[in-house]
Amino acid sequence: MAGIWKSLVTLWQKPQESNTPIPNVYAGEYPYLESELFIQNQPILPNHSKTLRVYRSKQSTSMKSIFQLSFFAVLFFALSTIGCEGDKCTRTEEFIQYEPVYKRINEMRVPATFSSARSLGEPGKIAYYKGYLLINEMHEGIHVIDNRNPESPEPVGFIEIPGNLDMAIHDDVLYADSYLDLLSIDLTNLNAPVELNRVNDVFQSFYSLNEELGYLVEYVPTNIVRTIDCNDFNWGRGMWFEGDVMFAGSGEFDMAGGIREFGANSSVSSSVAVGG
């Protein structure tokens, strides 16, 4: 009996200096024999009542709760800190950095010219015209290839059209964009195409204008490896800007379509047109 209750009970004693009883929660009364009961290894004095009152200490309960809450709070903080230290709270990934390219109107409004054939670099849209293939070179112009013998195609030349992304052919006339403008080019002699006309600002709405730098005409991609801290605002984001420079995760989207197809897969790069 003494061993069980030794640390969990208190006696209701006569107050020595105060009329206020011990501030515990009353739990019940139990009879006992004086010779059997010891509290904290001390025998019960004869002048105590032979009824044992059992109490639960408010203070001990409160302190226990505080201790438990403090323990779990410290444990959570420690685990969080250890996890962050363990992986240094960073992530290294491959990104594509897109540098903006600006041009002024006098740099954009350049007449189309015909030059010698060149190798395909970044091909876009393809048009078929009377046995010839016209293949767009993104932002630069159009390759002319004699494909009348498919087993042995022959490069004919290159139509230089700055800012070209798309084209169409109707009645021996090639219609092609050149940044803001729409050009018409005579294809009667594919060995010497000639610009017929230019309509200004047809595609102006596709380009944003910076008064100091000019028109934003394209983004030039560069593959980079970058380490991002977990506290960085861009942590976990697939795409973001830092000033005018754009960053995107590998495979986030295809920039082949230029500014017009910004943020989406290009419909130009996979298109085939037939003209006559």
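This section describes the side-chain contacts and one β-sheet of a predicted model.

The cysteine pairing was examined first. The count of disulfides comes to 1, and the bond in question joins Cys89 to Cys230, with an S to S distance of 1.7 Å. The link of Cys89 and Cys230 is right-handed, with 90° about the S-S bond. Cys89 is located in the loop between α2 (58–86) and β5 (90–103), whereas Cys230 belongs to the loop between β16 (214–229) and β17 (239–242), so the disulfide ties together parts of the chain that are 141 residues apart in sequence. The two cysteines were also assessed for solvent accessibility. Cys89 has a relative accessibility of 11% and therefore counts as buried, while Cys230, with a relative accessible area of 23%, is partly exposed.

Salt bridges were considered next. A search of the whole structure yields 10 salt bridges. One of them is formed by Arg109 and Asp201, whose closest N and O atoms are 3.0 Å apart. Because Arg109 lies in the loop between α3 (105–108) and β6 (113–115) and Asp201 in the loop between β14 and β15, this pair connects parts that are 92 residues apart in sequence. Arg109 is partly exposed at 28% relative accessibility, and Asp201 is likewise partly exposed, at 35%.

A salt bridge also links Glu160 with Arg118, the closest N and O atoms being 3.7 Å apart. This pair spans distant parts of the chain: Glu160 is in strand β10 (residues 154–160) and Arg118 in the loop between β6 and β7 (123–129), 42 residues apart. Relative accessibility is 30% for Glu160, which counts as partly exposed, and 36% for Arg118, which is also classed as partly exposed. In addition to its salt bridge with Glu160, Arg118 has its charged end over the ring of Phe158, 3.9 Å from the ring centre.

The side chains of Lys130 and Asp172 form a further salt bridge, with an N to O distance of 2.9 Å. Lys130 is placed in the loop between β7 and β8 (132–137) and Asp172 in the loop between β11 (167–170) and β12, so that parts 42 residues apart in sequence are tied together. Lys130 counts as exposed at 52% relative accessibility, whereas Asp172 counts as partly exposed at 25%. Salt bridges with shared partners join Arg109, Asp181, Arg198 and Asp201 into one network.

Aromatic contacts were then analysed. The structure holds 4 aromatic pairs. Among them, Tyr179 and Tyr207 form an edge-to-face pair, with 6.4 Å from centre to centre and 75° between the planes. Tyr179 lies in the loop between β12 (173–178) and β13 (181–186) and Tyr207 in the loop between β14 (194–199) and β15 (208–210), so the pair, 28 residues apart, links distant parts of the chain. Both Tyr179 and Tyr207 are buried. The ring centres of Phe203 and Phe206 are 6.1 Å apart and their planes meet at 40°, so this pair is classed as tilted. Phe203 counts as buried at 17% relative accessibility, in contrast to Phe206, which at 38% counts as partly exposed.

Ring pairs also link Phe95, Trp240 and Phe247 into a cluster. Phe247 of this cluster has an additional contact with a charged group: the charged end of Arg226 sits over the ring of Phe247, 4.8 Å from its centre.

The strand arrangement was examined last. Strands of a sheet pair through backbone hydrogen bonds, in either a parallel or an antiparallel manner. In this model, an open sheet of 4 strands has the order β11-β12-β13-β14, and its pairing is antiparallel. Strands β11 and β14 form the edges, each pairing on one side only. On average, neighbouring strands of the sheet are turned by 25° against each other, direction ignored. The antiparallel strands β11 and β12 are joined by 4 bridges, and the bridge partner of His170 in β12 is Val173. Loops that adjoin strands of this sheet hold several of the residues described above, including Asp172 in the loop between β11 and β12 and Tyr179 in the loop between β12 and β13.

How values were computed
Residues are numbered from 1 along each chain as its sequence is written. This is a predicted model: local features need pLDDT of at least 70, side-chain atom pairs count only at pLDDT 80 or more; totals for chains, interfaces and linings use all residues. Side-chain values use heavy atoms; hydrogens and water are left out. Rings of Phe, Tyr and Trp (its six-membered ring) pair if their centres lie within 6.5 Å; planes under 30 degrees apart count as stacked, over 60 as edge-to-face and the rest as tilted. Helices (H or I, at least four residues) and strands (E, at least two) are DSSP runs, numbered from the N terminus. Buried means under 20% relative accessible area, exposed over 50%, partly exposed in between (1.4 Å probe, protein chains only). A charge sits over a ring if NZ of Lys or CZ of Arg is within 6 Å of the ring centre and within 35 degrees of the ring normal. A disulfide is a pair of cysteine sulfur atoms within 2.5 Å. A salt bridge is a side-chain nitrogen of Lys or Arg within 4 Å of a carboxyl oxygen of Asp or Glu. Two strands pair if DSSP finds at least two bridges between them. Axes are lines fitted to C-alpha atoms, for helices over the stretch in contact, and angles run from 0 to 180 degrees between N-to-C directions.
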